[in-house]
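Subject: The structure, and what turned up in it

Hi,

Here is the structure I promised to send over. Have a look at it first, and then read on for my notes.

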Amino acid sequence: MHDLDDDGDDALRREAESGESSRASRHWWDRNADEYQDEHGEFLGDDRFTWCPEGLDEADVRLLGKIAGRSVLEIGAGAAQCSRWLAARGARPVALDISHRQLQHSRRIDLVRGGAPVPVVQADAAVLPFADGSFDLACSAYGAVPFSADTAALMREVRRVLRPGGRWVFSVTHPIRWAFPDEPGVEGLTATASYFDRTPYVEQDAQGRATYVEHHRTVGDRVRELVGAGFRLLDVVEPEWPAGLEQEWGGWSPLRGRLIPGTAIFVSERA
């Protein structure tokens with residue numbers, strides 16, 4: 001869940017390998033973390049676990065199953081709002097993010113609230129710095145997965161650090177949205193690109209260096225990545241836009257949300 005700032009970079013579709021994507025994500029989130037938390041902090045709260053701009057909360061849907069007493073890895077945690085919610089319910093979370101500045105916001109929230117801080121780790125989700133079988137559960141709310149060039153490898157890494165039977169639940173922009181302009185108004189209701197075009201969306205500076213990269217996979221791609229990594233797919237949740245929610249978030253809006261899905265949540269279990 002993000003908004004792109006208007007910094008004058010060129011936007012285009014081109015290939016971007018893993019190293020370039022990782023560097024771009026780290027620098028972009030370090031540069032934009034303050035603005036992101038200022039704009040969306042009220043919606044996200046300090047200790048709310050919401051899966052998406054549609055406001056679907058883990059408190060209501062329980063996609064992770066039992067959490068009390070479980071060790072949980074939150075991937076692409078930002079300011080660790082989800083991890084804080086998990087800790088308050090008896091889980092033992094670790095919040096991982098590629099951005100140092102995002103994790104500083106987690107520390108800021110913990111200092112204001114007092115009490116035990118959420119353990120945080122700065123790392124790339126495609127190379128997790130944990131031993132095999134370290135966690136009971138793993139989750140990600142719009143974190144890391146869309147920004148990784150090799151999500152098949154990311155899925156294998158998540159499986160590696162999970163114990164047998166551990167759930168891996170993650171939300172991403174619904175893949176169908178890639179066929180439509182990322183606009184909240186009527187201009188975002190007409191398909192202008194191929195759903196099957198997996199060429200990454202890249203913003204680059206005048207020297208051609210990527211400053212932001214996002215990768216597209218189809219629904220089928222996501223299923224094959226999970227199964228290929230050794231997961232059992234349990235569910236794919238497509239949250240409907242709730243009545244009464246009028247807040248826009250980038251390309252998410254009541255207008256679009258009532259007509260086309262904006263989020264896909266994949267619920268899986270380590271085989």
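Below is what I found, going from the bent helix to the empty spaces and then to a few single residues. Please keep in mind that this is a predicted model.

**The helix H1**

Start with H1, which runs over residues 18–44. H1 has 27 residues, yet its end C-alpha atoms are only 29 Å apart, while a straight helix would reach 39 Å at 1.5 Å a residue. Where does H1 bend? Look at asparagine 32, where the bend is about 55°.

Both ends of H1 are worth a glance too. At the N-terminal end, glutamate 17 acts as a cap, with a side-chain oxygen 2.7 Å from the backbone nitrogen of glycine 19. After H1 comes glycine 45, and its phi is positive, near 70°.

**The largest pocket**

H1 comes up again here. The largest pocket has a volume of about 550 Å³, and 38 residues line it. If you want to find its centre on screen, Gly76, Asp97, Gly143, Ala144 and Phe147 are the lining residues that lie nearest to it.

Which element gives the largest share of the lining of the largest pocket? That is H1, with 8 residues. At least two residues each come from H1, strand S2 (71–75), helix H3 (81–88), strand S3 (92–97) and helix H5 (151–161). Sorted by class, the lining has 21 nonpolar, 12 polar and 5 charged residues.

**The cavity**

Rolling a probe the size of a water molecule over the atoms shows where empty space is left. How many cavities of 30 Å³ or more does a search of the whole structure find? The search finds 1, with a volume of about 70 Å³. Its lining is made up of Pro146, Val172, Thr173, Pro175, Trp178, Glu214, His215, His216, Arg217 and Arg222. By class, those residues are 4 nonpolar, 3 polar and 3 charged.

**Two residues in H4**

Helix H4 covers residues 100–113, and aspartate 110 is found in it. Is aspartate 110 buried or exposed? Aspartate 110 counts as buried because its relative accessible area is 5%, which is under the 20% cut-off. The side chain of aspartate 110 has a polar contact, at 2.8 Å, with the side chain of arginine 84.

Histidine 100 is in H4 as well. With a relative accessibility of 40%, histidine 100 is partly exposed. In sequence, histidine 100 and glycine 78 are 22 residues apart, and in space their C-alpha atoms are 9.3 Å apart.

**Two residues with positive phi**

Most residues other than glycine have a negative phi. Here are two that go the other way.

Arginine 62 is not a glycine, but its phi is positive, about 50°. You will find arginine 62 in the loop between helix H2 (58–61) and S2. Arginine 62 is partly exposed, since its relative accessible area is 44%, a value between the 20% and 50% cut-offs.

Alanine 80 also has a positive phi, near 65°. Alanine 80 sits in the loop between S2 and H3. Why does alanine 80 count as buried? Because its relative accessible area is 0%, and buried means under 20%.

If you only have a minute, I would open the model at asparagine 32, where H1 bends, and then go to the largest pocket, where H1 supplies 8 residues of the lining.

Cheers

Notes
Residues are numbered from 1 along each chain as its sequence is written. This is a predicted model: local features need pLDDT of at least 70, side-chain atom pairs count only at pLDDT 80 or more; totals for chains, interfaces and linings use all residues. Side-chain values use heavy atoms; hydrogens and water are left out. On a 1 Å grid over the protein atoms alone, a cavity is a set of points where a 1.4 Å probe fits but cannot get out, and a pocket is an open set with protein on both sides within 12 Å along at least five of seven lines; lining residues have an atom within 4 Å of a point. Grid points are joined across faces, edges and corners, and a volume is the space filled by probe spheres set on the points. Ala, Val, Leu, Ile, Met, Phe, Trp, Tyr, Cys and Pro count as nonpolar, Asp, Glu, Lys and Arg as charged, and the others, Gly among them, as polar. Helices (H or I, at least four residues) and strands (E, at least two) are DSSP runs, numbered from the N terminus. The expected span of a helix is 1.5 Å times one less than its number of residues. The bend at a residue is the angle between axes fitted to the seven residues ending there and the seven starting there. A polar contact is a pair of N or O atoms within 3.5 Å; within protein, one must be able to donate a hydrogen and the other to accept it, and residues adjacent in sequence count only if both atoms are side-chain atoms. Buried means under 20% relative accessible area, exposed over 50%, partly exposed in between (1.4 Å probe, protein chains only).
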